[in-house]
Amino acid sequence: MKNIVLLTGAGVSAESGLATFRGPYGLWEGHRVEDVATPEAFRRDPGLVHAFYDARRARLETVKPNAAHAALARLDAEWPGELLLVTQNVDDLHERAGSRRLLHMHGELTKGWCLACGERFRWRGPMGEDACCPSCGEQGQVRPDIVWFGEMPYEMERIDDALQACDLFLSIGTSGAVYPAAGFVQTARHCGARTLEINLEPSLGSFMFDESRIGKAGELVPEWVDEVLQSAHSRPISR
Ligand code: APR
């Protein structure tokens with residue numbers, strides 16, 4: 001096996017203390033997804049949407065990467081083949097743990113996007129409705145750089161290429177409820193990859209995986225990374 005694609009979801013950050021999306025009663029931190037995570041919601045009530053993401057961004061400062069993030073960063077550093085970590089998470093815990101070959105398909109809490117000039121930029125602290133674009137200076141046109149429902153996830157072409165070329169696809173901590181990410185397993189499988197999921201419970205698409213390991217990411221991911229790196233290091237070097 002040379003090429004690995006990893007997909008992570010909210011479950012990988014749960015043990016760091018960040019809430020998953022599909023919590024009790026289908027609410028995300030007490031809100032209906034349609035009230036805070038759609039372009040319509042932002043047009044209707046920008047104050048509420050900004051307050052919601054400002055709170056999520058502030059929460060980030062209080063949490064740390066866990067053992068699953070650390071193990072995936074170790075894999076990134078030591079894996080000799082191709083590797084791409086695709087995360088649906090908008091937190092920055094993978095990069096804080098040290099992952100480099102990483103992309104955020106649903107955007108990032110620590111970035112803003114100016115609707116006036118189109119620039120994207122790092123953002124720390126609250127954004128609010130009156131934020132000023134650091135690039136063009138326009139006020140009140142900055143939104144969180146988050147892919148909301150009804151918007152196109154980032155880097156789909158690059159992800160699709162990686163899925164088609166991968167030998168192993170691993171999905172961690174995602175319910176499999178949201179497309180296109182929920183369909184990645186099918187693409188990888190169709191193109192000949194082995195498929196594995198690690199999740200607290202069988203995901204909606206569990207039947208599509210060759211293997212499911214059920215339990216906490218903070219325990220099962222480090223175990224799996226040890227296995228994969230041991231097998232890579234014990235293989236004879238071919239000339
Ligand atoms: N270890 C492993 N899995 C866990 C853990 C844990 N410690 N804790 C929770 N889980 C699992 C849950 O059982 C659930 O199946 O993680 C999954 C989280 O699922 P969701 O809350 O649906 O999150 P996710 O799949 O990332 O959501 C996808 O939906 O709302 C949108 O854009 C948002 O990126 C998000 C997307």
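What volume does the largest cavity have? About 210 Å³. The model you have open is predicted, and this tour goes from that cavity to the ligand, then to a second pocket and two points in the backbone.

**Stop 1: the cavity**

Select Leu18, Ala19, Arg56, Val90 and Asp91. Of the 14 residues that line the largest cavity, these come closest to its centre. Next, select helix α4, residues 46-60. This helix gives the lining three residues, the largest share. Colour the lining by class, and you should find eight nonpolar, two polar and four charged residues. There is no second cavity to look for, as the count of cavities of 30 Å³ or more comes to one.

**Stop 2: the ligand**

Select the ligand and show the residues around it. There are 21 of them, and Glu15, Arg22, Thr174, Ser175 and Glu201 come nearest. By class, this shell has seven nonpolar, 10 polar and four charged residues.

Now look at single atoms. Which residue has a polar side-chain atom 2.6 Å from an oxygen atom of the ligand? Select Thr174 to see that pair. For the next two, turn on the backbone atoms. A polar backbone atom of Phe21 is 2.8 Å from an oxygen atom of the ligand. At Gln88, a polar backbone atom and a ligand oxygen are 3.1 Å apart. How much of the ligand's accessible area does the protein cover? On its own the ligand has 730 Å² of accessible area, and the protein covers 93% of that.

**Stop 3: the largest pocket**

Keep the ligand in view, as the space it takes is the largest pocket. The volume of this pocket is about 760 Å³. Its lining has 39 residues, and those closest to the centre are Ala10, Phe21, Arg22, Thr174 and Ser175. Phe21 and Thr174 have already appeared, each with a polar atom beside a ligand oxygen.

Select α1 (11-14) and β8 (194-199) next. Each of these two elements supplies at least two residues of the pocket lining. Over the whole lining, the classes are 21 nonpolar, 13 polar and five charged residues.

**Stop 4: the second largest pocket**

Hide the ligand and select Glu95, Ser99, Arg100, Leu102, Leu103, His104, Gly107, Glu108, Lys111, Asp145, Tyr154 and Glu155. These residues line the second largest pocket, which has a volume of about 170 Å³. Strands β3 (102-104) and β4 (107-114) each supply at least two residues of this lining. How do its residues divide by class? Three are nonpolar, three are polar and six are charged.

**Stop 5: two backbone details**

Stay with Glu155, one of the lining residues of the second largest pocket. Find it in the loop between β6 (142-146) and α7 (156-165). Its phi is positive, about 60°, although Glu155 is not a glycine. Most residues other than glycine have a negative phi, and most peptide bonds are trans.

For the last selection, take Tyr179 and Pro180. Is the peptide bond that joins them cis or trans? The bond is cis, with omega about 10°. Pro180 is in the loop between β7 (168-172) and α8 (184-190).

Conventions
Residues are numbered from 1 along each chain as its sequence is written. This is a predicted model: local features need pLDDT of at least 70, side-chain atom pairs count only at pLDDT 80 or more; totals for chains, interfaces and linings use all residues. Side-chain values use heavy atoms; hydrogens and water are left out. On a 1 Å grid over the protein atoms alone, a cavity is a set of points where a 1.4 Å probe fits but cannot get out, and a pocket is an open set with protein on both sides within 12 Å along at least five of seven lines; lining residues have an atom within 4 Å of a point. Grid points are joined across faces, edges and corners, and a volume is the space filled by probe spheres set on the points. Helices (H or I, at least four residues) and strands (E, at least two) are DSSP runs, numbered from the N terminus. Ala, Val, Leu, Ile, Met, Phe, Trp, Tyr, Cys and Pro count as nonpolar, Asp, Glu, Lys and Arg as charged, and the others, Gly among them, as polar. A residue is near a molecule or strand if one of its heavy atoms lies within 4 Å of it. A polar contact is a pair of N or O atoms within 3.5 Å; within protein, one must be able to donate a hydrogen and the other to accept it, and residues adjacent in sequence count only if both atoms are side-chain atoms. Accessible areas come from the Shrake-Rupley method with a 1.4 Å probe; for residues, only the protein chains shown count as cover. A molecule sits in a cavity or pocket if more than half of its atoms lie within 2 Å of its grid points.
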